[in-house]
Amino acid sequence: MADNISREDILTELFNVGVGQAASTLSDIIDKRIGLTIPNVRILDAAKGKIELNKYLLNVAEGAVMVSSISFDSQLEGKVSLLFPADKMHHFIDLCLHETRDEFENSLEFTDIDFDTIKEIGNIVINSIIGELSNTVNIPVEYTLPDIDVLNDANAEHFVDCEDYRLVLMMFLAFDIEGTEIAGAIVINMTLNSLDDILNKIDKLYNGR
Amino acid sequence: MITEDLEITYWNPFMERLSGKKSGETLGKKVDQVLPALERPFFYSAVERLTSGGNPVFFSAAMHRKLVSPDHRVNLKMNRVMLEGRSALLLEFIDVTNQFQRISQLRDYVSQLSHLNNQLKQKEKVIEKLAYYDKLTGVANRALFDKFADKYLSMAREHGTMLGLMFVDVNEFKLINDTYGHNTGDKVMTRVASLLTESTRKNDIVCRYGGDEFLVLLPDIRTVRDYQAIAERIEVNKKRHIVQDGYDIWLSLSIGISFYPDDGATIGDLIEKADEYMYFNKHQLRAQQKDMFSE
């Protein structure tokens, strides 16, 4: 049986394949060079996951985040949240849309157009991660389109559920649009059973057990 | 509605209106031929993902400007559905053109409001300038002096520092006015204000007290050396010839300075004392001049 570190390494590699495809799709759509990388994936229990997430929320996002989230079920069950610092999102959206907006618009107010843009990006990124995971371990996952929300005073409680023996897959997402970098975070909060299923499949795939 | 190999099987009246293409023209054709904006890798990869995984896909009108026609902004939702036992793809185009127009209008309003707000701020600055600054010389007027005098006096009390108050009078200013005219006199007054401002520190307050008199507030004086540095800079310019409007004018200033707490506990006391010292300085200067002429 592989230990936790090698499982995390395998998940990191797996998710990077996924976000690589997402980057290529997004580059095709917005016609700009886009880099998407996940430096590492960490498997944490809910309590530790909350601590790590709160660090990100406090240090990078200063408590205000734009969240794209989906709940998934079928054989795997849980919730994925893609988080971006809200104060960077106008610039980020403008880069995606080839637009510039006046300085006075740079508040934390977002229009339906902004929300739809992030919905598409969230759909592509989350699809790539969950899709790659589902394909690799050959476990079907069903989900809907992401819900988009802006949380001005976000904390880990919004994203990590302690009930039902849930675990957290926590990863940071380095988003680079033609040199402008935005540090996102992805939190996958899933049941212990679901993660066990994934890790067992990974063990079988990579260690032949 | 399309098949997994992109063939259009249903094209509803809404799509006819949106695209300007009748159902008869589109049925049986590939959707990427009817809507060329879809002839892109992202669309094919979305179809592939949808076909294999069944999870919905979303394309926004903002990122895809001319998905159906140049005149309409549409979001596109793609879902896999089962139809008569076979899987098909439902492409749901949602017209959000009105949303774009509304947001564009709102942005225009916000832009106008922001412009008005900026104008208002500019006017506020002008009003503040008029309320707190001397119109002729641009230095503080008595209203601003009073505001800062109270503040600086409280700070000196709190921190145990000295507050200096300098009383400056332009000698023989009436003579300058009578000799060279009021216009030139006004310009001389402005030069004196500049001279005092340039000789003092950033937080010092130079105020036109009235006529040819100025007050200078010198906060946070901790040692005599702090004051001396300022005094030396003023001393250099205190008696000199200046050229104004082509006239060579002899400019001379009488200066008196008082300090809190040694010379008084209130601003009134400090002004009175500084005024007294200034007159003493004026008499000294006159005596020196008399001596010079008698020699």
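Two residues are taken to be in contact if their C-beta atoms, placed from the backbone, lie within 7 Å. The model is predicted, and local features need pLDDT of at least 70, side-chain atom pairs count only at pLDDT 80 or more, and totals for chains, interfaces and linings use all residues. Residues are numbered from 1 along each chain as its sequence is written, while chains are lettered from A and ligands numbered from 1 in the order in which they are written.

Between the two chains, 24 residues of chain A are in contact with 22 residues of chain B. On the chain B side, at least two residues each come from helix H4 (41–53), strand E1 and helix H5 (97–132); helices (H or I, at least four residues) and strands (E, at least two) are DSSP runs, numbered from the N terminus. The most is given by H5(B), with six residues. By character, this side comprises twelve nonpolar, eight polar and two charged residues. Here Ala, Val, Leu, Ile, Met, Phe, Trp, Tyr, Cys and Pro count as nonpolar, Asp, Glu, Lys and Arg as charged, and the others, Gly among them, as polar.

Chain B also holds an open sheet of three strands in the order E1-E2-E3, with antiparallel pairing; two strands pair if DSSP finds at least two bridges between them. Strands E1 (57–59) and E3 (86–95) of chain B form the edges, each pairing on one side only. Strand E2 (residues 74–83) of chain B pairs with E3(B) over ten bridges in the antiparallel sense, and B:Leu76 has B:Phe93 in E3(B) as its bridge partner. Helix H4 (residues 112–137) of chain A packs on the sheet, touching E1 and E2 of chain B, and its direction makes about 140° with that of E1(B). Axes are lines fitted to C-alpha atoms, for helices over the stretch in contact, and angles run from 0 to 180 degrees between N-to-C directions.
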